[in-house]
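I opened a fresh page for this chain and wanted a record of what I looked up, entry by entry. My notes follow the model as it is shown here.

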Amino acid sequence: MGHAGPIVGREREIGELTAFVAAVEGRALVLRGEPGVGKSALLDVAAERAADLGQRVVRAAGVEAEAGLAFAGLHQLLHPLLADADADALEPATRAAFDIVFGRSTGEPPSVMTLGVAVLDLLALASGDVPLLLVADDAHWLDPQSAEVARFIARRLSGHAVHMAVGTRADTPSPWDGAGLPELTVPPLSAEASARLLDTTSPGLTAPVRRRILDEASGNPLALLELPAAAGPADGPELPLSRRLERLYGDRIAGLGRAERAELLRAALDGTGTLPGRARRPLRAVDDAVALGLLTTDAGTGDLVFRHPLVRSALLQSATPNERRAAHADLARLHRGELERHATHLAAATVDPDESVAVVLERAARSATARGGSAAALTLLTRAAELSPTVAERSRRLGEAAFVAAQSALLDQARELRAASDQLAGTDASPTAVITYAYSVLYEDGDVRSAHRRLAAELRALPPDADDGIRARLLNLLLGVSMFSADPALWRVSDALTDRDGDRVGGATPLYRDAWGDVARTGAGARERVLAAFGELGDGQPWDVMRHGVAAYYLDALAEHRTLVRRVAERETGSGAVTNAMTLLQLVMLDQISSGEWDAAEETGRRGLALTVTHGHRLFEHQYHGFLGLLAAWRGDTGTARAALDRVDRWARPRGVGHLTQLAEAIGAALGLSTGDYESAYTYASGLTVPGTFTPYSQQALRTLLDLVEAAVHSGRQDQARRHALAARDQGLPALSPRLDLVTTAALAMTADDSDAGPLFERAVTHPAGADFPFELARIRLEQGMWLRRARERVAARTALGLAADTFERLGATPWLHRARAELRAAGLPGGSAATGAALTPQERQIAELAASGLSNKQIGARLYLSPRTVGAHLYRVFPKLGISSRASLRDALEGT
């Protein structure tokens, strides 16, 4: 899409975009600015630079009319890639996920995580030969489902030859706010650049007119291009710039004939003219609109497109209700073959109750839910209820909407459909009522946003003489909600309120903030503080033991107080503080996992899960599923682990419960490591935190330190692994807890040169914390043994590997035990073969394992960014090394190594 007019004063932005598209490692970039500031023009420049570098460019644009159509934006991005993809190259599960969400087949809609991984697979395939640039303009208007998937993949482009550039308005709330992605803010032009642009595009203006336009435009490039045509001695009342431009376009629209206005209105409502090559119907008889500058011809495709999104806004604002309904009726007829789009326009065109229309909307809602579009289905069903002629049908359809909301994990909307929306939401609710409300929506529904909003508002509204005990309860609960959200935007509010009130309320509240929040940056000295706090606690109140216990777990200090935590958990489970007991039992389970009591941990987890189900505390229910899934992943129970991952992610992600979605990703990383799928492990682990950084307010970013380094090392990403190990050291993580010292030392050993690795491994395996964390210690010994074997120190290797195997066997970590035994055989254990497989390089082993799993050379090449010929050459060298002559013998040969 060629940009209209010169680009002046954007040298910095163009330089950043040029470097962005030329970067070797894939990443995303969000362009943010006010309407008319030139985001679209800069995205055009990025596309041109990418094309000049030989990259493929795929574009999409958000459209208000499609904001309620599930996956409409994702379809724009993926349709050209799916059309070009070799059907045999895509995994069946990947193809099935796309078929369901795009309406080509029926089935259980995939979760955001499942669909996101499928998209990443497609992107890897599409960018195998030619790097790819994805461009999403007006992304604030993407439908919620597409935006969720887009954010998921945007954080996981490292390691792919894919870049994503996203344009969004600064003045419009959007899913990209707080997404944690790199941003390029597009500010107004400087005074000098504004004058240069105006003089270039509108020479000959009188000095007073020129000065007035420069003052009114305030550096907005679109205003500098458009206002000269409407300049005069007086220009009416002062309006915001976007409104002024809309009014300017509205004046031009008013000069069009009725038929041409109707044609443009249909295009605006349908998304036609937003993006080249995607018009669903050609624009007819619009010569006057072109002459008035409302439409322009795209230089690349010849399509007619709106000059700017504000033209569409002006069209919608200037249309009368009857004109809008007529346009929607035309579009409903046009899209009769697309059920959901047809129903959306039909609903907007209908005023009076009409059963036939309500039937169509209900059918469209069923279609939407089959594709995972619960938000669209709720809108359609609610509108169907409004258009139902009878009370019985209206009631039934509202009940159906509530059912869809509940089945889609949108319990807050289900409650609104079943009961009055203002219940427990009055502005004069007491602090106690607010605390009760927050507990309810958090524990029963996982509604962290509503709970946080109400608690923060109540804390701000408290009078200076309010009871400090109530203030402490509000603040402690706010910090707990923030922990479950893992949302930096919510945490910033909580941090500010803690800074304001923390000293006043006293107690452990400041400690909770430092331990539950951004512990990588605020945790210095917190471990000593929590140990001291436990020492002053005695048996204490169950809620105090529970909060202290959570802080202790995150600082790896729970072992010192496990007796107290276990005793209070048992005491409160029966008829005591059952809600606190749910968390206390989680702490018991986590301590049992850490200390190597895995059978007992599974039993505790199932007890706690039953308790949460009985009392309807769904937040804790899914947390238990997550912890049980993590344990299953380490033990190699792939079915249980995958089911837990999907269950937790499907429930938590729509609610914004980032603590649980990160737990789901930790399960994915653990599963990949246990099964030897290091690519998958790296995808999940690097999604939690980018190598070399630690995602703020993410507990899992620290807990998966060893996972990310191990996955990076074994997937051939030595640079990323080393960067992360050094970042852990430089961030000061070893000082936060003995466990972090242990795993940081191990990470440095795994990524060090051979001359440094030996002493570092020895320091790690003799670290005092190893006794408290036997699984981590066994993994480190396995890595040490592999390194010693490669260094031909086979006796020492067998010692390390034997100790690792003994621990894995005791824990029931079956896949890790097999791996340790295979390494023992390779190290010359009597009865094994030291030569078999010992000469395989890491890449040869990776290719051999993928081939043994049944993938073709083409599929392996797409996953590893190699040509099929290169894959074949590697296998040609692998076969004689393994002593085999055919692909069919690979699996047995590899199991023997």
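Before anything else I fixed the vocabulary: helices (H or I, at least four residues) and strands (E, at least two) are DSSP runs, numbered from the N terminus. I noted that the model is predicted, that local features need pLDDT of at least 70 and side-chain atom pairs count only at pLDDT 80 or more, while totals for chains, interfaces and linings use all residues. Residues are numbered from 1 along each chain as its sequence is written, and side-chain values use heavy atoms, with hydrogens and water left out.

**Entry: serine 388**

I first looked for serine 388 and found it in the loop between helix 17 (374-386) and helix 18 (391-407). Is serine 388 buried or exposed? Serine 388 counts as buried because its relative accessibility is 0%, where buried means under 20% relative accessible area, exposed over 50% and partly exposed in between, with a 1.4 Å probe and protein chains only. Taking contact as heavy atoms within 4.5 Å, and leaving aside neighbours within four places in sequence, I listed Pro353, Glu355, Ala358, Glu393, Arg394 and Arg397 as the residues in contact with serine 388.

**Entry: the chain as a whole**

I then turned to totals, and read 46 helices and seven strands in the chain. Of the 897 residues, 56% are buried, and the accessible surface comes to about 35600 Å², with 53% of that belonging to carbon and sulfur atoms; these areas come from the Shrake-Rupley method with a 1.4 Å probe, and for residues only the protein chains shown count as cover. Among contacts between residues at least 6 apart in sequence, 68% join residues at least 24 apart.

**Entry: the sheet**

I traced an open sheet of five strands in the order 2-3-4-1-5, with parallel pairing, and used the rule that two strands pair if DSSP finds at least two bridges between them. The edges are strand 2 (56-61) and strand 5 (183-185), each of which pairs on one side only. From one strand to the next the twist averages 15°, given that axes are lines fitted to C-alpha atoms, for helices over the stretch in contact, and that angles run from 0 to 180 degrees between N-to-C directions.

I spent longest on strand 3. Strand 2 and strand 3 pair in the parallel sense over six bridges, with valine 135 in strand 3 as the bridge partner of arginine 59. Strand 3 (residues 132-137) also pairs in the parallel sense with strand 4 (residues 162-169), over five bridges, and there leucine 133 has histidine 163 as its bridge partner. In a regular strand the side chains alternate between the two faces of the sheet. In strand 3 both faces are covered, with Leu132, Leu134 and Ala136 buried on one side and Leu133, Val135 and Asp137 buried on the other. Helix 2 (residues 39-52) lies across strand 1 (28-33), strand 2, strand 3 and strand 4, and runs at about 170° to strand 3.

**Entry: aspartate 138**

Just past that strand I checked aspartate 138, which lies in the loop between strand 3 and helix 6. Its phi is near 50°, a positive value in a residue other than glycine. Most residues other than glycine have a negative phi, and most peptide bonds are trans. Aspartate 138 counts as buried because its relative accessibility is 8%.

**Entry: nonpolar cores**

I used "nonpolar core" for a set of buried Ala, Val, Leu, Ile, Met, Phe, Trp, Tyr and Cys residues joined through side-chain atoms within 4.5 Å. Which residues touch the most other members of the largest nonpolar core? Of its 188 residues, they are Leu78, Phe98, Leu123, Trp516, Leu619, Leu733 and Phe808. Helix 31 (residues 618-635) gives the largest share of this core, ten residues. Apart from it lies another core, of 23 residues, among them Tyr249, Leu295, Phe306 and Leu310.

**Entry: helix 44**

Last, I looked at helix 44 (residues 857-864), where Gln859, Ile860, Gly861, Ala862 and Leu864 are buried. What covers these buried residues includes helix 5 (112-126), helix 34 (678-688), helix 43 (842-852) and helix 45 (868-882).
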